[in-house]
Amino acid sequence: MRPSERADAQVNGSLALAKSLGRSPRDVAAMVLAEIDLSEMCSATEVAGPGFINLTFADGFLAAELAAATSDARLGVRAAPVPLTVVVDYSAPNVAKEMHVGHLRSTVIGDAIVRMSSFVGHRVVRENHIGDWGTPFGMLIEHLVDLGEDAAARELSVGDLDAFYRQARVKFDADDAFKDRARHRVVMLQGGDAETLRLWRLLVAESTRYFDRVYSVLGVLLTGDDLRGESAYNDLLPEVVRRLDDAGLLQTDDGAEVVFVDGYVNRDNEPLPLIIRKGDGGYNYAASDLACVIDRLERLGADVMLYVVGAPQAQHLGMVRDVAAKAGWLVAPARMEHVAFGSVLGEDRKMLKSRAGSAVKLDALLAEAIERALAAVREKNPELPAELAAVVARQVGIGAVKYADLSTDRIKDYVFDWDRMLAFEGNTGPYLQYQHARICSIFRRAGVARDRYRGHAPSPAEPEERALLLALLQFDTAVHDALERHSPHRLCTYLYDLAAAFSAFYERCPVLRAADESVRDSRLALCDATARVLECGLGLLGIESPEQM
RNA sequence: GCCCCCGUAGCUCAGUUGGAUAGAGCGUCGGACUUCUAAUCCGCAGGUCGCAGGUUCGACUCCUGCCGGGGGCGCCA
C-alpha cells in the first residue's frame with residue numbers, strides 16, 4: 001500500500017499476483033475487493049488503471065485513528081516487533097585533536113539513529129570509539145613532559161588541542177632525540193608502564209572534557225559513559241590473533257600477520273589481506289576493530305552493529321566484517337552494517353576547509369551557527385526578550401546545522417551553505433520549528449491547555465483538514481522507514497511534508513475564528529496533533545522545538 | 001589498472017525498494033498582509049531523469065557497457 005494522487009492510498013499487489021495466478025490484474029484486484037470487507041475503513045474503493053486498487057478512507061475511520069494516536073505517548077508509532085540490542089558506533093574523535101566538520105555527520109546521524117532506535121523500543125548501546133591509542137601518543141606524552149603537566153593541562157583545557165598536537169609533531173619531525181624519546185614512550189605505553197599510563201590518562205581526560213563541551217553545545221546524547229576508545233580493546237588483541245590462528249585464517253606475509261579475504265585485490269590484482277599485526281609486532285586498527293566486534297557480540301550481546309563512519313572506510317569495514325564472519329564470530333541473524341555518509345563540501349565543491357586551508361573546527365562552526373541564528377531571530381522578532389532570544393538562537397542555529405546534515409540522503413556529499421540552512425522557507429530546520437511555534441502561538445492566544453485535545457476525534461470537512469489528518473497518520477510509517485534504512489532524511493522529508501500540509505490548513509482554515517465551537521475544537525485537535533508530531537519528530541533528529549521564535 | 005559511491009529543472013535536493021501525467025524549495029515572473037506569527041500562502045514558467053542497449057504489461061528505480069565527478073586500493077587510524 002502506498003499513497004496515491006488519485007485516492008488516499010493505492011494497493012498494487014494485484015499486478016504482481018496476477019502473473020503467478022495466470023489471471024488479469026484487474027480480475028485479481030476485483031477478487032481481492034470482493035473478498036475483504038472494507039466498509040468500516042473506506043468510503044470508496046475502485047479498481048483503476050491496469051489493476052490498482054484505489055482506497056478512499058472514511059473520515060470517521062481517519063478521525064478515530066488520530067484520536068488513538070494522540071492518546072498514545074508515541075503518537076501512533078508502533079514498537080519494534082522484536083526489541084533488539086543495537087550497538088551504534090559514532091562520532092569517534094581523536095584524543096589531543098580538535099573536533100572538526102569531519103566529525104559532524106557521524107555525530108549527528110548517529111545521534112538520530114540512536115534516538116529513533118530507542119523510541120521504538122530497541123536496547124541501544126552508544127559507543128564512542130575515540131582514537132586514544134597508537135603511535136602518536138609517544139610524541140604527545142613527551143611533549144606533555146616537556147611543557148610540564150600544569151602548563152600542558154592549561155593549554156589543553158583552553159581547547160586549543162590542535163596547537164598542542166602540531167607542536168609535538170614539529171618536534172618529532174625536526175628533533176631526532178625527541179623522536180627517540182617518543183618511540184621509547186610508545187613502547188612503555190604499550191608495556192603498561194604506570195607513570196606513562198598516568199600521563200596518558202591526563203591527555204585523555206583533558207580531551208574528553210573538551211568533547212563533552214562540544215557534545216553539550218551540539219545537544220547529542222553522548223556522554224563520558226559512552227566512551228569506548230581503541231585502548232579499551234588492548235587486552236583483547238592477542239586473543240584476536242589467537243582465535244584467527246585457531247581458525248586457520250592467519251598467515252604470515254612479508255613479516256606481517258594477515259588474513260586474506262575473498263574478493264579484495266590490490267593495485268596489481270593480487271589478493272589483498274587484512275593486516276592484523278604489523279611486521280614490527282605492533283597491532284593496527286584492523287586488530288582493534290576485530291576485537292571490538294568480538295566485544296560487541298559477546299559482551300554486549302549485539303544483534304545489530306551500526307558503524308556510522310564515512311564512505312571511504314567501506315572497504316576496510318567490509319573486510320573486517322568478512323573476516324569476523326569467516327572466523328565464525330559474526331553469525332546471522334546478528335549483523336554488522338556500515339552506515340556510510342558522504343563529505344561536507346564548501347562552496348567550491350571541495351571538502352570544506354577554513355580560509356587558512358585547515359579543517360573547520362566544530363566548536364567555531366557551532367558558535368557561528370548560533371550567532372547567525374541570533375541575528376535572524378532579532379531581525380524577525382524584535383519583541384522577543386533578549387534572554388529568550390538567546391535560548392531560541394541556540395535551538396534554531398544548532399537545529400539548522402543538524403537539519404541540513406540530516407535532510408539529504410546521507411550517502412551523498414552535501415554543500416555547506418549558511419544562507420540555505422538558516423532560511424525560514426523550504427526544507428529547513430527553522431521552517432519546521434517556525435510551524436511548531438505558530439501552533440503554540442494559537443494555543444497561547446486561545447488560552448486553552450494543549451492536552452485538552454488528546455484523544456479528541458476531529459471532524460474534517462475542508463480538503464486541507466483532511467490532507468493534514470492523513471499526513472499526521474503517516475508518522476508511524478515515516479519513523480519505521482527512516483529507521484530500517486538508517487536514513488534520517490526520510491523522516492525529514494515526512495516532517496517537511498507535514499509542515500507544508502499544516503501551512504495550507506493554516507491558510508485556509510481559521511482556528512480561533514472558526515464558525516462554531518465543534519469546528520474550532522476539531523481544528524484545535526489537528527493543531528495539537530501537528531505540534532506534537534513535529535516536536536516528537538524533530539526530537540528524534542536531536543532538534544529542539546521552541547514555543548516562540 | 002581494479003573496486004566503491006554519485007550524476008534528476010538555472011541552483012540545492014526529494015522521488016516510499018518496478019507502478020498511472022517525475023515532485024519540492026530557492027531563483028525568475030504574477031498574485032494574497034486592518035496577521036490565529038506574511039518567518040507564510042496561491043499561481044505561471046522551467047525536464048532527452050549523464051549516454052546507449054537490455055529485462056517486461058510497465059524502468060528515474062533492476063542488469064550490461066560507456067561518459068563525467070569524487071573516493072579507496074598491505075604494515076597510519
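How many strands form the open sheet with antiparallel pairing, and in what order? In this predicted model, three strands make up that sheet, arranged in the order E7-E8-E9. Its edges are formed by strand E7, residues 250-253, and strand E9, residues 271-277, each of which pairs on one side only. From one strand to the next, the twist averages 55°. Strand E8, which spans residues 256-265, is joined to E9 by five bridges in the antiparallel sense. Val-265 has Pro-271 in E9 as its bridge partner.

Another open sheet is built from four strands in the order E6-E5-E10-E11, and here the pairing is parallel. Strand E6 (123-127) and strand E11 (335-341) occupy the edges; each has a single partner strand, and one side of each is therefore left without a neighbour in the sheet. Neighbouring strands of this parallel sheet are turned against each other by 20° on average, when direction is ignored.

Within the four-stranded sheet, strand E5 covers residues 85-89 and pairs with E6 in the parallel sense over five bridges. Two residues of E5 illustrate this pairing. Val-86 has Val-124 as its bridge partner in E6, and Val-88 stands opposite Arg-126 of the same strand, E6. Strand E5 is largely enclosed by the rest of the structure, because five of its five residues are buried. The burial extends to both faces of E5: Thr-85, Val-87 and Asp-89 are buried on one side, and Val-86 and Val-88 are buried on the other.

Helix H12, formed by residues 314-326, has contacts with strands of both sheets. In the parallel sheet, H12 lies across strand E10 (304-310) and E11, and the helix runs at about 180° to E11. In the antiparallel sheet, H12 lies across E8 and E9, with an angle of about 105° to E8.

The packing of two further helices was also examined. Two packed helices are described by the angle between their axes and the distance between the axes. For helix H8 (residues 176-191) and helix H9 (residues 194-218), the axes come within 8 Å and cross at roughly 100°. Helices H8 and H9 are therefore roughly perpendicular to each other. On the H8 side, Arg-185, Met-188 and Leu-189 take part in the contact, and they meet Thr-196, Leu-197, Leu-199 and Trp-200 of H9. Classified by residue type, the contact of H8 with H9 contains five nonpolar residues, one polar residue and one charged residue.

Away from these helices and sheets, a loop residue was considered individually. Asp-8 is located in the loop between strand E1 (2-3) and strand E2 (9-11). The relative accessibility of Asp-8 is 13%, and this residue therefore counts as buried, the cut-off for burial being under 20%. The side chain of Asp-8 reaches the backbone nitrogen of Phe-57 at 2.8 Å. When neighbours within four places in sequence are left aside, Asp-8 is in contact with Pro-3, Leu-55, Thr-56, Phe-57, Arg-466 and Leu-470.

Notes: Residues are numbered from 1 along each chain as its sequence is written. Chains are lettered from A and ligands numbered from 1 in the order in which they are written. This is a predicted model: local features need pLDDT of at least 70, side-chain atom pairs count only at pLDDT 80 or more; totals for chains, interfaces and linings use all residues. Side-chain values use heavy atoms; hydrogens and water are left out. Two strands pair if DSSP finds at least two bridges between them. Axes are lines fitted to C-alpha atoms, for helices over the stretch in contact, and angles run from 0 to 180 degrees between N-to-C directions. Contact means heavy atoms within 4.5 Å. Buried means under 20% relative accessible area, exposed over 50%, partly exposed in between (1.4 Å probe, protein chains only). A polar contact is a pair of N or O atoms within 3.5 Å; within protein, one must be able to donate a hydrogen and the other to accept it, and residues adjacent in sequence count only if both atoms are side-chain atoms. Angles under 35 degrees count as roughly parallel, over 145 as roughly antiparallel, 65 to 115 as roughly perpendicular and the rest as oblique. Ala, Val, Leu, Ile, Met, Phe, Trp, Tyr, Cys and Pro count as nonpolar, Asp, Glu, Lys and Arg as charged, and the others, Gly among them, as polar.
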